[in-house]
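Reader: I would like a close look at one part of this protein, taken slowly and with the surroundings described as well. Please start from a single side chain and work outwards from there.

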Amino acid sequence: MSKVISILGAFMLALLLATAALAQDTSRVNGEIKDKDGKPYPDVTVVMKNSDTGQAYTIKTDKSGKFVQLGMKGGIYTVTSTNAKDNFTFSEKFRVADAVENNYSLNVKEVMATAGPSAEEEKKREEAQNKFKDMKLHFDKGVASMADANDLRTQLRTASADQKSALQDKRMTDCQTAITEFTQAEQGVTPKDVKNHALVWANLGTADECAAKYDDAAGSFQKAIDLAPAAGYYTGLATNDANAGAGATDPKVSEAKFADASAACDKAVALDPAAGATCWKNLGIVLSNKGRMKDAIPPLQKATTADPKDAQSWLMLGNALTATIEPKQEGDKITFVIPPGTADAYQKTIDLAPGTPTAKQAQDALDNLNAMSGGQDTTVGARKKKK
């Protein structure tokens with residue numbers, strides 16, 4: 001009897017061992033993977049490798065981002081998920097329990113939020129920082145060159161005739177240096193850095209204007225506007241279109257350039273009336289410098305309307321109106337047809353800037369107007385007698 005019990009005991013032990021061995025290969029893993037946007041992540045290759053035995057299982061997620069692996073042994077597994085198309089790889093440890101269903105989930109969005117930047121992202125960030133530093137270095141050099149050019153322009157106003165040539169040459173060198181530096185800076189600005197990109201283009205436009213490259217300057221300011229419209233950029237565009245128009249030999253080209261300049265000033269006024277006033281004033285200056293005083297009147301009138309407290313604009317308007325005064329012979333007397341608003345423009349200048357050289361110029365001009373208002377006797381010997 002005892003022998004039978006012994007055989008039965010051995011049989012039961014073998015059965016238990018067989019059951020235990022069978023249980024080790026009946027684990028199941030239900031997996032789900034979501035992408036960086038938290039959506040189902042299809043076509044991800046998942047490799048589950050047992051840390052003890054080295055046995056590996058390879059599965060792929062379906063269109064819903066899910067996978068199932070059957071017949072696994074319990075234990076610690078290294079789960080590596082890869083999507084070559086997205087250059088994505090992620091590994092982590094996962095415990096598979098014996099003879100039960102195990103649920104594995106991976107949310108790439110959550111992992112990215114907690115893991116910080118990858119080595120590749122860190123490298124890109126460092127490259128971007130170095131690129132920005134290089135861009136700023138060129139930008140600062142351009143700004144320094146323009147500052148020197150502006151100082152030289154101030155010196156030229158009081159320089160003697162024998163000094164002017166050397167100063168003008170040095171200023172032109174500064175302008176060209178600024179163009180080179182701002183061009184280098186523009187190439188270093190990232191496309192996403194819209195504000196700085198526009199700023200660099202605007203500064204390049206100023207450097208082009210400094211070098212009298214008016215068409216190039218207008219193009220640079222236009223690119224700044226395309227990126228980030230601003231009243232100051234429209235003023236730069238208008239000023240250089242006007243300069244280009246003033247220097248054009250073809251009347252049609254000149255007319256078109258001034259039309260473009262006027263349109264730019266309208267946009268500047270819409271964004272910022274004060275900046276718009278400067279825009280119209282600049283057009284008046286360009287035309288006055290070219291001796292086109294009659295053409296300078298409309299933009300100067302708009303400048304004083306946009307900013308009625310600018311004494312210089314009023315003085316320039318008075319001068320432009322004065323330049324269009326016409327003499328008229330009436331018998332033995334010449335009278336002068338003075339455009340309406342001429343005296344008012346000078347009086348506005350005096351009221352806005354009393355005691356200044358600007359007011360002195362306006363007062364002298366106003367005195368001349370008053371002297372002209374009575375006309376001039378043209379009879380023989382009349383002038384001499386009066387003297």
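Author: In this predicted model, the side chain of Ser 27 reaches the backbone nitrogen of Ala 99 at 3.0 Å. Ser 27 has its place in strand E1, and because its relative accessible area is 0%, Ser 27 counts as buried. Leaving aside residues up to four places away in sequence, Ser 27 touches Gln 69, Leu 70, Gly 71, Met 72, Lys 73 and Gly 74, and also Val 96, Ala 97, Asp 98, Ala 99, Val 100 and Asn 102. Ala 99, whose backbone nitrogen receives the polar contact, is therefore one of the residues that Ser 27 also touches under the contact cut-off of heavy atoms within 4.5 Å.

From here the description can move to the sheet. Strand E6 covers residues 88-96, and Val 96 is among the residues touched by Ser 27. Strand E6 belongs to an open sheet of four strands, arranged in the order E3-E2-E5-E6 with antiparallel pairing. Strand E3, which spans 56-60, and strand E6 are the edge strands, each of them pairing on one side only. On average, and with direction ignored, neighbouring strands of this sheet are turned by 20° against each other. As a general matter, strands of a sheet pair through backbone hydrogen bonds, in either a parallel or an antiparallel manner.

Within the sheet, the pairing of strand E5, residues 75-83, with E6 is antiparallel and extends over nine bridges. Three of the residue pairs can be followed individually: Ile 76 has Arg 95 in E6 as its bridge partner, Val 79 is partnered by Glu 92 in E6, and Thr 82 is partnered by Thr 89 in E6. E5 and E6 together form a hairpin with four residues between them, and in the turn Asn 87 has a positive phi of about 55°. E5 is also joined to E2 by six bridges, the two strands running antiparallel, and here Val 47 finds its bridge partner in Thr 80 of E5.

Aromatic rings add a further set of links, and the structure holds five aromatic pairs. Tyr 41 and Phe 88 form one of them, with ring centres 5.7 Å apart and planes at 40°, so this pair is tilted. The pair connects distant parts of the chain, since Tyr 41 sits in the loop between strand E1 (27-34) and strand E2 (45-50), whereas Phe 88 sits in strand E6, 47 residues apart. Both Tyr 41 and Phe 88 are buried. Another pair is made by Tyr 57 and Tyr 77, whose ring centres lie 6.4 Å apart with planes at 45°, so that this pair is tilted as well. Because Tyr 57 lies in strand E3 and Tyr 77 in strand E5, the pair ties together parts that are 20 residues apart in sequence. Tyr 57 counts as buried at 10% relative accessibility, and Tyr 77 is buried with a relative accessible area of 0%. In addition, ring pairs link Phe 67, Phe 94 and Tyr 104 into a cluster.

A residue in a helix offers another setting to set beside that of Ser 27. Leu 227 has its place in helix H6, residues 214-227, and Leu 227 is partly exposed, with a relative accessible area of 31%. Not counting residues up to four places away in sequence, Leu 227 touches Val 194, His 197, Ala 198 and Trp 201. Leu 227 and Leu 199 are 28 residues apart in sequence, and their C-alpha atoms are 9.4 Å apart in space.

For the chain as a whole, the secondary structure comes to 14 helices and ten strands. Buried residues make up 35% of the 387 residues in the protein chain, and Ser 27 is itself buried. Of the contacts in the chain with a separation of 6 or more, 54% are accounted for by residues 24 or more positions apart. The protein chain exposes about 22,900 Å², of which carbon and sulfur atoms supply 55%.

Notes: Residues numbered from 1 in each chain as written. Predicted model: local features only at pLDDT ≥ 70, side-chain atom pairs only at ≥ 80, totals over all residues. Heavy atoms only, no water. Pairing = 2+ DSSP bridges. Axes fitted to C-alpha atoms, helices over the stretch in contact; angles between N-to-C directions. Phe/Tyr/Trp six-rings, centres within 6.5 Å; stacked < 30°, edge-to-face > 60°. Buried < 20%, exposed > 50% of the residue type's maximum accessible area, 1.4 Å probe, protein only. Polar contact = N/O pair within 3.5 Å; in protein donor to acceptor, adjacent residues only side chain to side chain. Areas by Shrake-Rupley, 256 points an atom, 1.4 Å probe, with all protein chains shown as cover.
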